[in-house]
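Here is a short set of exercises to work through with the model open beside you. Try each task on your own before reading its solution.

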Amino acid sequence: MRQATGRAGLLRRSLPGGAAAALVLVAAAAFAAENFPPPEFSRPYQFPAPTTPSPRAMAFAYVDMAVLLVALCLAAYLALRTRSRQGLVGLALFSLFYFGFYRQGCICSVGAIQNVALAAANGQYALPLVAGVFFILPLLFALFFGRVFCASVCPLGVVQEIVMLRPVKVRPWLDSALGLVPYVYLGVGVLFAAIGSRFVICEADPFIVFYRRGGPMWVVLFGVGMLVLSTFVGRPYCRYLCPYGALLRLVAPLSQWRLRITPGECINCHLCADACPYGAIKAPNLESTAAQKAESRRRLRWLLVGLPFMVGFGAWALHAAAPTLAGVHPTVQLAVRVWQEERGLVQGKTDESEAFDRLGIPAAELHRQALDIHGQFSRWSWVLGAWLGLAFGIRMISLSVLRHRREYQIDMAACVACGRCYSACPVGREQAPSEDLSESGIG
Amino acid sequence: MAGNKDRPKDGRLSRRELLVSGLRTAGVFAATGGLVALASRSDAESTVWQIDPAKCTACGKCATECVLKPSAVRCVHEHEICGYCELCFGYYIDQRVDDAEAAENQRCPTGAIIRSFVEEPYYQYTVDESRCIGCGICVEGCQMFGNGSLILQIRHDRCVNCNQCAIADACPAQAVVRVPAGSPYLLRTKK
């Protein structure tokens, strides 16, 4: 807006009205052309060349990768070996200051999903080493040690961990339903990164506004809301939004070394389950009747039969939503705006349409680009929808299958290795039975 | 009974354990293999952000949207295509009293453009990068009336290369693009 008024103001003062309008046209046409020939100096003259300092961000990359590796090793050691909640909180504070306030929350593993997606979809874009390492290391650690990354390394996780005051229990049905959102978010984030080369997961990162002490107003409001929510709901972003958490959930149940709640023999006192703010501790169920088993098998059969239908429905539903998704892409938005302006459906200009006018690109070219993007969204929405259907189906199956537990056990998918249950367990180390610990609890 | 089924006493793995460890090994190989393949593609290069001067409309958002304060964007002067005008519209405001180099006559809000005499009637304009805030007010004047030799560029000695550039989100002309890290500047004179 500043440009328009400034330019008009200048010309109105220096020239009569009609000439001013003519000059605006001339100026617009000659945009960025060489209006004045380069001078011919009488004496030898050396043109100062613009300096081109090389990227400095690359140097940080190696430090970041090293810090990530060390922090993950330390988190795994603290969570599994020393079982120290204080140690995990200390490491979380370090991560909050290093990955959060010092590195301003960038690069992070959550956003690195998009780099991987973009590199996979676009041959011209090479995956930066640092993004690749940030994407893969926490997943590899989850394969062996569970979600120790979430515990005290992730800058998004630790801020929620630290502000938590009095967590309420989220009802299981609500927890399961909201737990599907991360899969949707993951799918949409990957779709946008792959097609639009727009990183929506980064744009909507609620906590980065605190690390950078600024940001767009809607993100600030979202961030403040999330932070307030985090004081009484355990890690709302991690559980109900985080797309990287969705990946970790899939991987963590395969982990080789698992966290154990009690150092000794479980006395089934329920204190650990009360202490867990994330609903990640499952109560024992020994008395399952034959009728319950039969019911469980019947449910599993139905769900397995229904899985292809869920996948199909997901694909269809997302395909139907593809035009809406494409509408978020800036090029599509611009094309719609220009089309509306051409037909006089809207008054005035936006910054975007004004910039487009100045570039002098024909509107037909813009519309061609927009249609192309539209087509890509339309094609990829099948894949995205099928993935969402699959994620929904698998969640339903995992909920319905009856599992035997002789004692309180950690659900590795949901556990973020915060270590609260360690201190809640009344069984001391000295009470540990003499036999091999690992044999007592698996049933 | 269930315990016996899951963990046979003779030390062999149970079916479930075998499946899990198989999946885990497959996961490790798939993940590392896939990433190495993506990262080592020869035809692609890792990227940094840069402003394409051909698309830039000098809207001024570079100065305000960058996560760095002041912004990583600075004005760069490509002297080779400069007209060395005595009356530079990147330097002077439109309604000045005379051609004195007084602050109230200058476009630049921080006085970052230094005007020095070369020979009659040519003047050289140099950007003092330590003062520049990347607002693009001079760039706008030069684009409209001059040769467009003043351009905005992301200075990579300052840029932290955010995964998603905040200026790229806000840029109305979609002028902030990813460029290969090996050639991180988009100058008009560079072919």
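**Exercise 1. Chain A as a whole**

Task: Describe how the contacts, secondary structure, burial and surface of chain A add up in this predicted model.

Solution: Start with the contacts. Among those in chain A with a separation of 6 or more, 82% join residues 24 or more positions apart. Next, go through the secondary structure: chain A has 22 helices and two strands. Then turn to burial, where 48% of the 443 residues in chain A count as buried. Finish with the outside: the accessible surface of chain A is about 21700 Å², and carbon and sulfur atoms hold 66% of it.

**Exercise 2. A helix and its cover**

Task: Find out which residues of H15(A) are buried, and what covers them.

Solution: Begin by locating helix H15, residues 243-251 of chain A. Checking each position against the cut-off of under 20% relative accessible area gives A:Pro243, A:Tyr244, A:Gly245, A:Ala246, A:Leu247, A:Leu248 and A:Val251 as buried. That is seven of the nine residues, so the helix is largely enclosed by the rest of the structure. Now look at the surroundings: the cover of the buried residues includes helices H5 (109-121), H6 (129-145) and H7 (148-152) of chain A. Helices H10 (181-195), H11 (200-203) and H14 (236-240) of chain A also belong to that cover.

For a second case, take helix H19 (residues 351-359) of chain A, in which A:Ser353, A:Glu354, A:Ala355, A:Phe356 and A:Arg358 are buried. Just after H19(A) comes A:Gly360, with a positive phi near 70 degrees.

**Exercise 3. Two polar side chains**

Task: Is A:Ser381 buried or exposed, and which side chain does its own side chain meet in a polar contact?

Solution: First place the residue: A:Ser381 sits in helix H20 (residues 363-400) of chain A. Its relative accessibility is 0%, so A:Ser381 counts as buried. Leaving out residues up to four places away in sequence, A:Ser381 touches A:Ala315, A:Leu318, A:His319 and A:Ala322. With A:His319, the side chain of A:Ser381 makes a polar contact at 3.3 Å.

Now try B:Asp94, in the loop between E2 and E3 of chain B. At 23% relative accessibility, B:Asp94 counts as partly exposed. The side chain of B:Asp94 makes a polar contact with the side chain of B:Arg107 at 2.9 Å. B:Gln106 lies 12 residues from B:Asp94 in sequence, with 9.2 Å between their C-alpha atoms.

**Exercise 4. The interface**

Task: How much area do chain B and chain A bury between them, and which elements of chain B touch chain A?

Solution: Count the residues on each side: 76 of chain B are in contact with 76 of chain A. Together the chains bury about 6600 Å², 58% of it on carbon and sulfur atoms. More than any other three residues, B:Arg24, B:Met144 and B:Asn163 contribute to the area chain B buries against chain A, supplying 11% of it.

Next come the specific pairs. The interface has 17 residue pairs in polar contact (both at pLDDT 80 or more) and one salt bridge. B:Lys61 and A:Asp351 form a salt bridge, with their closest N and O atoms 3.4 Å apart.

Last, sort the chain B side by element. Those supplying at least two residues each include helices H1 (2-6), H2 (15-39) and H4 (137-145), along with strands E1 (47-51), E2 (73-77), E3 (113-119) and E4 (122-127). H2(B) gives the largest share, 11 residues. By type, this side divides into 34 nonpolar, 20 polar and 22 charged residues.

Conventions
Residues are numbered from 1 along each chain as its sequence is written. Chains are lettered from A and ligands numbered from 1 in the order in which they are written. Side-chain values use heavy atoms; hydrogens and water are left out. Contact means heavy atoms within 4.5 Å. Buried area is the accessible area (1.4 Å probe) that two parts lose on being put together, summed over both. A salt bridge is a side-chain nitrogen of Lys or Arg within 4 Å of a carboxyl oxygen of Asp or Glu. A polar contact is a pair of N or O atoms within 3.5 Å; within protein, one must be able to donate a hydrogen and the other to accept it, and residues adjacent in sequence count only if both atoms are side-chain atoms. Helices (H or I, at least four residues) and strands (E, at least two) are DSSP runs, numbered from the N terminus. Ala, Val, Leu, Ile, Met, Phe, Trp, Tyr, Cys and Pro count as nonpolar, Asp, Glu, Lys and Arg as charged, and the others, Gly among them, as polar. Buried means under 20% relative accessible area, exposed over 50%, partly exposed in between (1.4 Å probe, protein chains only). Accessible areas come from the Shrake-Rupley method with a 1.4 Å probe; for residues, only the protein chains shown count as cover.
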